[in-house]
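Let's take a walk through this structure, a few side chains at a time.

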Amino acid sequence: MSKEINWLEKIQETATFLKEKVGGEMPKVAIVLGSGLGNLAEKIDIKVAIPYSEIPNFPVSTVEGHKGQLIFGTLGKKYVMAMQGRFHYYEGYSMKEATFPIRVMKAIGVKVLCVSNAAGGMNPDFRVGDVMLITDHINLFPDHPLRGKNYNELGPRFPAMNEAYSHRILDLARKIAKKNKVRLMEGVYVGTQGPTFETPSEYRYFYRIGGDAVGMSTVPEVIVARHADIEVFGLSVITDLGGEGIFVDVSHEEVQQAATKAEPIMTLMVQEVINNLDEV
């Protein structure tokens with residue numbers, strides 16, 4: 001029988017390394033720079049950048065278009081940390097490994113997490129290039145990041161998920177979108193394992209069970225963040241469409257192109273939301 005991993009020790013080891021490497025004050029806001037937010041890093045006045053390969057216990061991202069480093073710096077008037085490249089379950093990592101960075105964020109004092117992703121849209125009102133405010137999610141991953149031993153130091157055994165995405169931050173995002181005349185859609189994100197894109201029948205199924213967009217990330221990170229009592233704000237860029245009467249033909253390159261096109265809006269929304277957050 002393999003020896004059980006002591007996640008508390010690993011989290012503390014990584015958190016201690018980052019505190020010593022960065023020094024001084026640690027950020028209370030963290031950003032996962034997924035699809036559509038890659039260039040937000042250029043808006044950050046970087047204090048420290050650390051490749052994942054140098055961070056104890058960190059996996060290494062293997063997906064094209066995802067850089068692999070952790071950056072600390074100032075975005076507008078807020079001190080933030082940002083992940084350039086996330087870890088996906090479909091890459092072969094366990095749920096505990098894929099969500100490990102969120103645990104470390106909590107350990108160093110993060111209170112708000114901003115996540116972004118590329119998603120296929122099922123809502124008939126959506127267009128390619130739209131930005132969707134994630135109001136809730138449906139978890140269809142075949143494994144759960146909280147499965148197994150629960151460490152009470154990290155969170156409760158049965159955490160509530162009635163407010164997976166912070167209502168106060170959702171309201172703030174709506175006001176910012178209105179002020180800046182941004183076409184901001186809203187909807188429920190369906191999280192699936194991947195790495196295949198969806199079949200037409202799957203698109204129809206996801207829409208019928210209440211989903212507006214579907215992707216292969218975010219949900220595990222959000223579950224762990226809420227387990228750790230971190231507030232969450234999420235955006236999806238709609239990179240392709242599927243559903244009733246829509247022919248599905250998409251490639252990873254097309255997804256990246258659509259995400260790049262939506263990047264200015266994604267960047268504006270995240271920057272404005274973070275800089276207008278109270279009590280962080």
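A polar contact here is a pair of N or O atoms within 3.5 Å; within protein, one must be able to donate a hydrogen and the other to accept it, and residues adjacent in sequence count only if both atoms are side-chain atoms. One such contact, at 3.4 Å, joins the side chains of E198 and Y203. Keep in mind that this is a predicted model, where local features need pLDDT of at least 70, side-chain atom pairs count only at pLDDT 80 or more, and totals for chains, interfaces and linings use all residues. Residues are numbered from 1 along each chain as its sequence is written, and side-chain values use heavy atoms, with hydrogens and water left out.

Stay with E198 for a moment. With 8% relative accessibility, E198 is buried (under 20% relative accessible area; exposed is over 50%, partly exposed in between, with a 1.4 Å probe and protein chains only). Along the chain, G120 is 78 residues away from E198, yet their C-alpha atoms are separated by 8.3 Å.

Now for the rings. Rings of Phe, Tyr and Trp (its six-membered ring) pair if their centres lie within 6.5 Å; planes under 30 degrees apart are stacked, over 60 edge-to-face, and the rest tilted. That rule gives 8 aromatic pairs. In one of them, the centres of Y89 and F141 are 6.2 Å apart with planes at 80°, so this pair is edge-to-face. Y89 is partly exposed at 21% relative accessibility, while F141 is buried at 9%. Y205 and F206 make a tilted pair, 5.5 Å centre to centre with 45° between the planes. Ring pairs also link W7, Y52, F58, F87, Y93 and F100 into a cluster.
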